[in-house]
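Take a look at the structure below. The paragraphs that follow walk through it step by step.

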Protein chains: 2
Amino acid sequence: MIMKYKTVIVDDHPIVISGISGLLSDLDNIEIVEKFESGIALLDYIEDHKVDLILMDIFLPVINGVDLCKTIKQKHPKIVIIGMSSQSERSLVMQFIQNGGNGYILKNASFDEFKECIYKAIDGEIVFSEEVKTIISQPLSEDLERIPGLSRRERDIALLLSQGKSTQEIADDLFLSFLTVQTHRRNILQKYKMKNVAELIAFLLKNNMLN
Amino acid sequence: MIMKYKTVIVDDHPIVISGISGLLSDLDNIEIVEKFESGIALLDYIEDHKVDLILMDIFLPVINGVDLCKTIKQKHPKIVIIGMSSQSERSLVMQFIQNGGNGYILKNASFDEFKECIYKAIDGEIVFSEEVKTIISQPLSEDLERIPGLSRRERDIALLLSQGKSTQEIADDLFLSFLTVQTHRRNILQKYKMKNVAELIAFLLKNNMLN
DNA sequence: ACGGCAATACCTGATAAAGTGTATTTTTTT
DNA sequence: AAAAAAATACACTTTATCAGGTATTGCCGT
């Protein structure tokens with residue numbers, strides 16, 4: 001007897017569910033056991049049924065895909081979860097993976113891509129469809145290229161700011177005058193046209209300019 | 001004639017360079033063309049020589065692996081770059097991938113793991129050694145489990161704070177009293193024992209609790 | 001040797017945030 | 001239906017940040 005991977009599809013567009021079912025029905029060792037339009041229904045289901053693989057849309061009503069993935073993985077770390085969406089954004093993909101996702105596929109991927117990604121994910125790999133790979137490594141050319149960097153001292157100060165230090169504390173840490181730190185801090189804010197330190201830290205972290 | 005992948009190793013520990021060379025010398029289609037102990041030397045080299053694959057330590061003197069990878073990928077997007085380190089941290093791995101890295105291997109990985117990862121990376125995949133996979137998806141059980149989440153309102157406010165809005169602006173945006181926003185803001189800071197909004201935002205972003 | 005950038009430092013006034021305490025209402029969970 | 005959690009609101013004090021303008025020194029690259 002052939003062991004088939006019990007697979008569940010979650011997507012709030014019935015059309016997409018049907019499309020994916022069609023694609024997957026050709027695969028020998030994949031057996032679609034259920035289809036859901038919401039994450040809540042899925043959570044109920046997996047409590048009582050064996051599931052090996054979940055293909056889920058990331059944009060779902062009520063509970064989003066990232067949180068859903070996190071919740072499932074906490075209780076069932078062995079279930080392989082692949083995220084899907086129509087358009088995508090780098091940070092979203094990374095978040096999904098950081099929350100336990102085993103892969104991410106754009107819905108416009110070809111049948112072959114779907115198939116390969118699914119097989120590899122079952123095999124224990126972390127997989128991305130071609131376009132996703134491009135997305136997560138391409139912002140280099142646009143996002144980051146034209147952003148002026150922090151100077152050494154500015155980065156020191158920004159780092160301490162992200163640790164919640166006050167101007168005085170930073171001055172003490174770096175053996176500088178309070179006023180010097182104040183100047184650096186203002187220069188950084190002006191350089192990136194940020195209103196305050198909170199916005200600055202968010203900006204720097206999102207662009208990997210800290211650490 | 002067999003096409004061999006021209007490979008460069010960068011690591012500031014000569015011992016490690018030698019070890020990796022030994023491992024790789026067994027592989028048919030990998031040819032080690034150079035070894036460096038610093039990123040600067042590597043940058044010079046790739047300007048004049050063809051390179052297909054780079055294995056680099058993440059902790060390097062002068063320029064760190066993440067920045068090095070970013071710099072190389074900007075000019076030479078086709079070079080496959082695999083990061084390595086002895087111990088690792090989730091955010092570091094993700095940063096490396098976001099900056100164009102094609103994979104990440106812990107140095108204690110087995111020869112087979114090294115070999116497989118390298119072949120798959122050359123094949124266009126994004127690869128992680130086993131332990132790295134565990135690291136990037138496991139914090140669920142420790143990091144995140146015991147961290148209480150933000151309530152809806154708190155998340156609304158935290159999000160606006162990360163956009164640089166002041167208490168008054170947030171109050172206006174959400175049609176709340178200035179004082180209410182002030183209370184929420186204080187509650188959030190106290191919940192996570194943060195000194196100020198800057199530290200809070202850094203914390204929330206690093207733990208994917210925003211967005 | 002020079003220009004430009006980075007790092008250092010000072011002053012001041014207006015505004016905002018942080019710390020502490022309290023309290024009512026609504027919503028959610030048990 | 002009761003208990004718990006979340007959302008709402010107010011007052012007051014202290015401390016920190018933001019924004020403006022200015023200036024000196026050292027270093028790096030041309």
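Start with helix H10 of chain B: H10(B) gives 6 residues to the surface near DNA strand D, the largest share. Keep in mind that this is a predicted model. Here, a residue counts as near the strand if one of its heavy atoms lies within 4 Å of it.

Which other helices take part? Helix H10 (178-191) of chain A and helix H8 (152-162) of chain B each supply at least two residues of this surface, as does helix H10 (178-191) of chain B.

Now look at the residues themselves. There are 19 around DNA strand D. The nearest are A:Thr167, A:Arg185, B:Ser151, B:Ser177 and B:Thr180. By type, the surface divides into 10 polar, 5 charged and 4 nonpolar residues.

Turn to the strand's side of the contact. Which parts of DNA strand D lie within 4 Å of the protein? Sugar or phosphate accounts for 55% of those atoms, and bases make up the rest.

Three arginines show both kinds of contact. In chain A, an N or O atom in the side chain of A:Arg185 is 2.7 Å from a phosphate oxygen of DNA strand D. A:Arg186 reaches a base instead: an N or O atom of its side chain is 2.9 Å from a base oxygen of the strand. In chain B, a polar side-chain atom of B:Arg153 lies 2.8 Å from a phosphate oxygen of DNA strand D.

Finally, step back to chain A. Its domain assignment gives domain 1 (5-140) and domain 2 (147-206). Taken over C-alpha atoms, the centres of these domains are 40 Å apart.

Methods:
Residues numbered from 1 in each chain as written. Chains lettered and ligands numbered in written order. Predicted model: local features only at pLDDT ≥ 70, side-chain atom pairs only at ≥ 80, totals over all residues. Heavy atoms only, no water. Polar contact = N/O pair within 3.5 Å; in protein donor to acceptor, adjacent residues only side chain to side chain. Helix = DSSP H or I, 4+ residues; strand = E, 2+ residues; numbered from the N terminus. Nonpolar A, V, L, I, M, F, W, Y, C, P; charged D, E, K, R; others polar. Domains from an automatic or database assignment.
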